[in-house]
Amino acid sequence: MRRADPIRVWYLLQSGSALGDTLVWVLAPVYFVKAVGMTPLQLVLVGTFMELTVFFFEVPTGIVADVYSRRLSTIVGVVIMGLAIVFVGSVAEAWAVILGWSIWGFGYTFTSGATDAWLADEIGVDNIRPVYLRSAQLARIVSLFGIAASVGLGLVALWLPIVGGGCVIIAVGAALAVLMPETGFKPAERGEAESAARVMVRTGLTGARLVRRRPLLLLILAISASWGAWSEGYDRLSEAHLLRDVGLPSFFGLSFVVWFGLISAASLLLAIFVARPANRRLEQVDQLTVSWVLLGLDIVLIASVVVFGVAGAFWLALVAMLFVNVARSLAMPLFTSWLNQSIENSSVRATVMSITSQADAVGQWTGGPAIGAIGNVFGIRAALVTGAFFLSPAVALYGRALRHGGREPELEGVAEAPA
């Protein structure tokens, strides 16, 4: 069967995943608080157990993608994530939410690294940044429809958009099974007597050596850990902060379901408006310029999260939250392209990117419980402000990356690491 164009398949993957994720995440935190009745610590533990799963399985599944098939790894991961989400929406119990997101984390490890490595193989690493930026913009537009659908379903029952989003993601996996090509990937070579396990170990060691011998990649790992420590607390507690600490205004009698839909829509519209001119400037810039932009976005994130945490008035909290959401939306595709273009050994690309995701997981399961405990003892405001300062090390790390000019050349001998 003839497969589709890889760029179009990438757009399908990103837009379909964005639709499913938006259906889920516009109201999932509200579902956790209102329907399941989870405490601040339980909310954070959802991410903690998920990230522990990611930590233990990230590199093994990344090696599978490098050794066998990035296409197969992506399809399996997407389907598992969709099934896990359906389970979470079907059982409104704290244990089910924690277990379901742990299963989601297992599925995610099959896609993490594999999808980006697949795209780099199919179109070339030098061509990926424009595709990342354009697909991110497309995903934002598609997400607007997801917000409307999530609100509509949420007004009927809070579990409906979660189950619906899981079904959409399963459908994306099925579409990838039919359409996704794999022409640029070359499986790791092995002799007839060499076992698959030995090839996997060799691939993992090669990827680890590449990271260890590239100062910039080590910095990227540290930045990922810093980002993970912050994002875990913010993702689990921001909506609870609005519901419990700030309060939603009774403006035209709007339901809290509609309010969260409007906030998500406003964030996306602002991101679309800002990203359109920014993308034209950033598609062809060098790594040094990208480093400067990421540094600026990190500073905006820290300031915005602090304001959001201490805000007493709804409108101030809303403006701060919009700044956080837009800065984060702009930073993520840039960071991924920055990482991908820093890996010049294609044979271990998925493994190295999985190691980076593992660093993010370490940040989340070490920083997340601490932030959740602070929320239980001192309140959600204190937890959010504390989490903002977890981003501070990333400022220094971006500064160090800038002193290295944004990237370094590949060191000799890395690709030939012994078994």
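Okay, let's start with a bit of vocabulary: when I say helix, I mean a DSSP run of H or I that is at least four residues long, and helices are numbered from the N terminus. By that count, Ala-278 sits in helix 11, which covers residues 256-282. One more thing before we go on: what you see here is a predicted model.

So, the overall picture. The chain has 16 helices and zero strands. There are 419 residues, and 56% of them count as buried. If you take the contacts in the chain with a separation of 6 or more, 87% come from residues 24 or more positions apart.

Back to Ala-278 for a second. Buried or partly exposed? Ala-278 has a relative accessibility of 21%, and buried means under 20%, so this residue counts as partly exposed. Ala-278 and Leu-133 are 145 residues apart in sequence, yet their C-alphas are 9.4 Å apart in space.

Now, how confident is the predictor? The average pLDDT for the chain is 81, and 82% of the residues score at least 70. Which element has the highest mean pLDDT, and which the lowest? Helix 8, residues 160-179, has the highest, at 96, while helix 9, residues 196-212, has the lowest, at 54. Residues 192-196 stay under 50, and the model gives that stretch six contacts beyond four places in sequence. The other stretch I'd point out is residues 407-419, where pLDDT is also below 50. That one has 26 contacts in the model beyond near neighbours in sequence.

Between helix 8 and helix 9 there's a loop, and Pro-181 is in it. Pro-181 has a relative accessible area of 5%, so it counts as buried. And who is across from it? Pro-181 and Asp-5 are 7.5 Å apart, C-alpha to C-alpha, with their positions 176 residues apart in sequence.

That takes us to helix 1, residues 6-25. Let me do helix 7 with it, residues 128-156. Their axes come within 7 Å and cross at roughly 30°. The cut-off for roughly parallel is under 35 degrees, so helix 1 is roughly parallel to helix 7. As for the hand, the crossing of helix 1 and helix 7 is right-handed.

Helix 1 also goes with helix 6, residues 114-123. Those two axes come within 10 Å, crossing at roughly 160°. Anything over 145 counts as roughly antiparallel, so that's what helix 1 is to helix 6. This crossing of helix 1 and helix 6 is left-handed.

Which side chains should you click on there? From helix 1, you have Pro-6, Ile-7, Val-9, Trp-10 and Leu-13, and they meet Thr-115, Asp-116, Trp-118, Leu-119, Glu-122 and Ile-123 in helix 6.

I want to stop at one of these, Asp-116, in helix 6. It's an aspartate with a relative accessible area of 12%, so it's buried. What does Asp-116 contact, leaving aside neighbours within four places in sequence? The list is Trp-10, Tyr-132, Thr-336, Asn-340 and Met-353.

Last topic: rings. Searching the whole structure turns up 15 aromatic pairs. One of them is Trp-104 with Tyr-108, a stacked pair, 5.5 Å centre to centre with 10° between the planes. Both residues are in helix 5, residues 94-111, and they are four residues apart, about one turn of the helix. Trp-104 is buried, with a relative accessible area of 17%, whereas Tyr-108 comes in at 28% and is partly exposed.

Helix 5 has another pair for us. Phe-106 and Phe-110 make an edge-to-face pair, with 5.2 Å between centres and 90° between planes. Again it's four residues, about one turn, with both in helix 5. Phe-106 is partly exposed at 28% relative accessibility, and Phe-110 is buried at 15%.

And Trp-104 and Tyr-108 have company: ring pairs link them with Trp-25, Tyr-31, Phe-32 and Trp-101 into a cluster. That's what I've got, so let's open the model and look.

Technical notes. Residues are numbered from 1 along each chain as its sequence is written. This is a predicted model: local features need pLDDT of at least 70, side-chain atom pairs count only at pLDDT 80 or more; totals for chains, interfaces and linings use all residues. Side-chain values use heavy atoms; hydrogens and water are left out. pLDDT is the predictor's confidence in each residue, from 0 to 100. Contact means heavy atoms within 4.5 Å. Rings of Phe, Tyr and Trp (its six-membered ring) pair if their centres lie within 6.5 Å; planes under 30 degrees apart count as stacked, over 60 as edge-to-face and the rest as tilted. Buried means under 20% relative accessible area, exposed over 50%, partly exposed in between (1.4 Å probe, protein chains only). Axes are lines fitted to C-alpha atoms, for helices over the stretch in contact, and angles run from 0 to 180 degrees between N-to-C directions. Angles under 35 degrees count as roughly parallel, over 145 as roughly antiparallel, 65 to 115 as roughly perpendicular and the rest as oblique. A crossing is left-handed if the near helix is turned anticlockwise from the far one by less than a right angle, and right-handed if clockwise.
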